[in-house]
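This report introduces a protein structure to a reader who has not met it before. The sequence and the structure are shown first, and the description follows.

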Amino acid sequence: MQITKRPLFYWILHRYHGLQALLFVIILAGLFFRVIPLEMQKRIVNNAIKLQDVELLFLYCGIYFGSVLLAGATKYVINVMQMVIGQKILIELRTELYRHILQLPLQFYRNMQPGTVISAMTAELNVIGYFLGGAIAIPLTSLLTFIVFLGYMFMLSPLLALLTIGLYPFEAVLIPLLQKRYNRLNKKRIKTVRSMSNVVNEAISGIHEIHAYASFDLEEQRIKNLILQLYDLLKQLFIVKYGIKFINNLFQSFGPSLLFLVGGYLAINGNFTLGALVAFLSAHEKIYDPWKEILDYYQGMQNAQVRYQQIMKIFDLKPEYPLLPEGRDVVDFSGNIAIKNATFTVGNNIRLLNRVSMEIKAGEQVAIVGFSGSGKSTLILCMDQLYSLSSGSISYDDYSISELSKADISHNITMISQHPFIFTGTIRDNLLYGVRALQKDSAHQLPGLDDQLKAIYDTGLEEDVIRFGFQAVLTKECCAPFKDKLLTIRHNISSRLREQFSDVIEFYDMNNFLHYSSIRDNIIFGDCPTGKFDIKNLPVLKPFMQLLAKTGVAEPLLHLGLDIANQTVELLGEQESDEFFFRYTPMQPEEFSQYYEVIKRSNGKMPTREKDRYLLYLLAFRFNPGFHKIAGIDPELERKIISVRLLFLKNVAMLKMNPRDECSSDKPYLQCVKEDISSPFMPFCSNQYLYSRPLLENILFGVIKSREPISEKLSNLLYSLLAKDVLDDVLNVGLDFHVGSKGDRLSGGQKQKLAIARGFLRGTPILFLDEATASLDNISQRRIQDVLDAKQQEGKTVVAVIHRLENAELYNRIAMLQNGSVIEEGSAEELLARQGSFYKLVQGHSSRRA
């Protein structure tokens, strides 16, 4: 049965029978322990107290307390089991529904807002899950408890019992009437909340347009109308809700007063014992609890039913194609495609495809061209089973597309679109995404590293991935396989190629001031894994600040910070929006207002407030002379900083210092001990890997003298130096670069190359490209075309929608579409010779480019 056709109670009646049976047994046990205290109350009054029997009193009280404890324990177990059962059912419900949603036709998503789907799958299903857990336990427990307590009350006094139950029919009539009103309002509330979710989702997705058009008031009005509508609905909902509560409380309060009147009269006249009256009143108080639970259950059931029905109504469509083939294995295509009278209509019988017919042989490369709106992409989407033809047929070998499952299509066809979706995760995750989808077939295994790297090289993405790898900060485990190779390369650069790299790199040198490193790095000359020597901690680190004061560096650094703050505030005034300017100052844009107030308070003098001085020290420690041109640093201060560095490493970081350098007898050098990443301090040692620094800095043992991460000159030097196996190691590291949400850390071209590499890696016999290379440069397009030519040699069939007509000659055959019909077909040379529609399209394209 399709999931959207199942009633709500299907999930309860067809799931976890063993757990539900165990729950029923615990409920029965709990009933016994809930009745015993009532009988004990009667016996304590009528027997123990009346007879003044202390031993009997202790016995009855002990039984009473034990029963109360066991009743509470069983109630706790019942609640926990309800939660477990409900959440287990909800896991299955949510999983199956999500699977169903993903298989719905593509046209469904054209008219469906993502916010509606998200709301239905998350918050709305949670409410249903809470109900499902107690769908059987709550009414069963409450009904049995009600019957048991009522039976006990009849045993004590039939008259009083009849008076008690006489009130409940009125409640049973009024509550459902109010509940129906509540359900109607709740449906409207759910619809309004979904609309709000859609508006917010649309605004977030289109935030660039909102900022570009400054349409903040317009978007605010859209959401405000819905907020007011929701307020009105919630107001009515709570009026009805509290009305139901008022009726419950009214009947609950009226019952005891009637019982006191009648029961008291009977007791005075000797027709009812005092103990029985106490027990009856206690039972009456307790009998209302299960009654209230039954009413609450009814309200919860109505609410869950409304939500469930509305959710299922949204997705009540049948997937057009089965996920797996029935009664056979997944088929293997040879690559032959036959299209006969393919027609696709939308809306008011608008034909996007009109009786398209063509045949493509296995191993052919066919280009589909035409003006915008001619049906090129629609044809590809129909061929990939993403759209269903209105009439006509598409066949692969002897299999009609209408008879094929999703697994058949996915196993044999790879589709690469013009605007591919990049999933949140790493480059590797996205690269292997399509192959992982094929792993259901045992014939497909995940490609090894060599195949992954080949796909990256084939699409020209290797330079970007290598750059990501160079910028990665590696753990000891990730670095271990190639650490020794990197340290060997570092030694070669430092010893043999230092002069070649010195124009672009400032090498770490303990005896020289580092102009392209921060003042903090100049002094610390290393990193601390615990964060003890982070910039934000240095101004309050007493041993460190005492060292600066003792060496006469603290005061100059404080003046440097004040100078930077003064210059930045003076140049920007009260305008803090010039982000380009902040590249030349260690001050962050979000800190400008703080420093503006500091300068305003100081009135040209050195601040005395500790907080203000802390902020100035932050600027000084961040200051990087090579990049921050807002201020300068004199040679004398540079020499002092070098002296402080040596004292810091020896006295604060507690490192061993040898009295001479490896190359110079009058300069000290670091004596690095065995590598220990658990050490509280890791200095910049030439024979150790710096785990807190990027991979590139570790290879170079220095920092780049440019804001550009890898300049052309540095890139050429690295490529000439690094062997292919080392570059492959860096590539492997780069594959773990996190692309961000929807790939927003990648450029459009990088996304396109990654999508093409993902498609190539699948190795299917048929490849569809829907303007897949449109956003790439000519060199990248040519490179990918070479790969496609190689795939043709392997017998792969390629069908590509192309926009750049100069690439048409690279294909075996061209199909020209116009108004949804194929009007010309042949090789580029043949079509140009005819000087028909394709010729005119090429001429128009050439004139526009000129």
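## Backbone exceptions

Asn 341 is partly exposed, since its relative accessibility is 34%. This residue belongs to strand β1, which covers residues 337-346. Although Asn 341 is not a glycine, its phi is positive, at about 50 degrees. The model described here is predicted.

A positive phi, of about 55 degrees, also occurs at Gln 52, again a residue that is not a glycine. Gln 52 sits in the loop that joins α2 (17-51) to α3 (54-102). With a relative accessible area of 70%, Gln 52 is exposed.

## Overall form

The protein contains 33 helices and 16 strands. Along the principal axes, its C-alpha atoms occupy a box of roughly 115 × 90 × 55 Å. The radius of gyration is 39 Å, whereas a compact globule of 850 residues would have a value near 29 Å.

Among contacts with a separation of 6 or more, 75% join residues that are 24 or more positions apart.

## Surface and charge

Of the 850 residues, 49% count as buried. The exposed area of the protein is about 42800 Å², and carbon and sulfur atoms supply 56% of this area.

The protein carries 91 positive and 86 negative charges, and the mean positions of these two sets are 7 Å apart.

## Aromatic pairs

A pair of aromatic rings is described by the distance of the centres and the angle of the planes. The protein has 27 aromatic pairs. One of them joins Phe 525 and Phe 684: the ring centres are 5.1 Å apart and the planes stand at 65 degrees, so the pair is edge-to-face. Phe 525 lies in the loop between α21 (519-524) and β8 (526-527), and Phe 684 in the loop between β11 (682-683) and α27 (695-700), so the pair ties together parts that are 159 residues apart in sequence. Phe 525 is buried, at a relative accessible area of 1%, and Phe 684 is buried as well, at 3%.

Phe 648 and Phe 681 form another edge-to-face pair, with 5.7 Å from centre to centre and 75 degrees between the planes. Phe 648 is part of helix α26 (residues 635-652), while Phe 681 is in the loop between β10 (669-670) and β11, so this pair links parts that are 33 residues apart in sequence. Both Phe 648 and Phe 681 are buried. These two residues belong to one aromatic cluster together with Phe 533, Phe 544, Tyr 617 and Phe 621.

Technical notes
Residues are numbered from 1 along each chain as its sequence is written. This is a predicted model: local features need pLDDT of at least 70, side-chain atom pairs count only at pLDDT 80 or more; totals for chains, interfaces and linings use all residues. Side-chain values use heavy atoms; hydrogens and water are left out. Helices (H or I, at least four residues) and strands (E, at least two) are DSSP runs, numbered from the N terminus. The radius of gyration is taken over C-alpha atoms; the globule rule is 2.2 Å times the number of residues to the power 0.38. Buried means under 20% relative accessible area, exposed over 50%, partly exposed in between (1.4 Å probe, protein chains only). Contact means heavy atoms within 4.5 Å. Accessible areas come from the Shrake-Rupley method with a 1.4 Å probe; for residues, only the protein chains shown count as cover. Lys and Arg count as positive and Asp and Glu as negative; His and the chain ends are not counted. The place of a charge is taken as NZ of Lys, CZ of Arg, CG of Asp or CD of Glu. Rings of Phe, Tyr and Trp (its six-membered ring) pair if their centres lie within 6.5 Å; planes under 30 degrees apart count as stacked, over 60 as edge-to-face and the rest as tilted.
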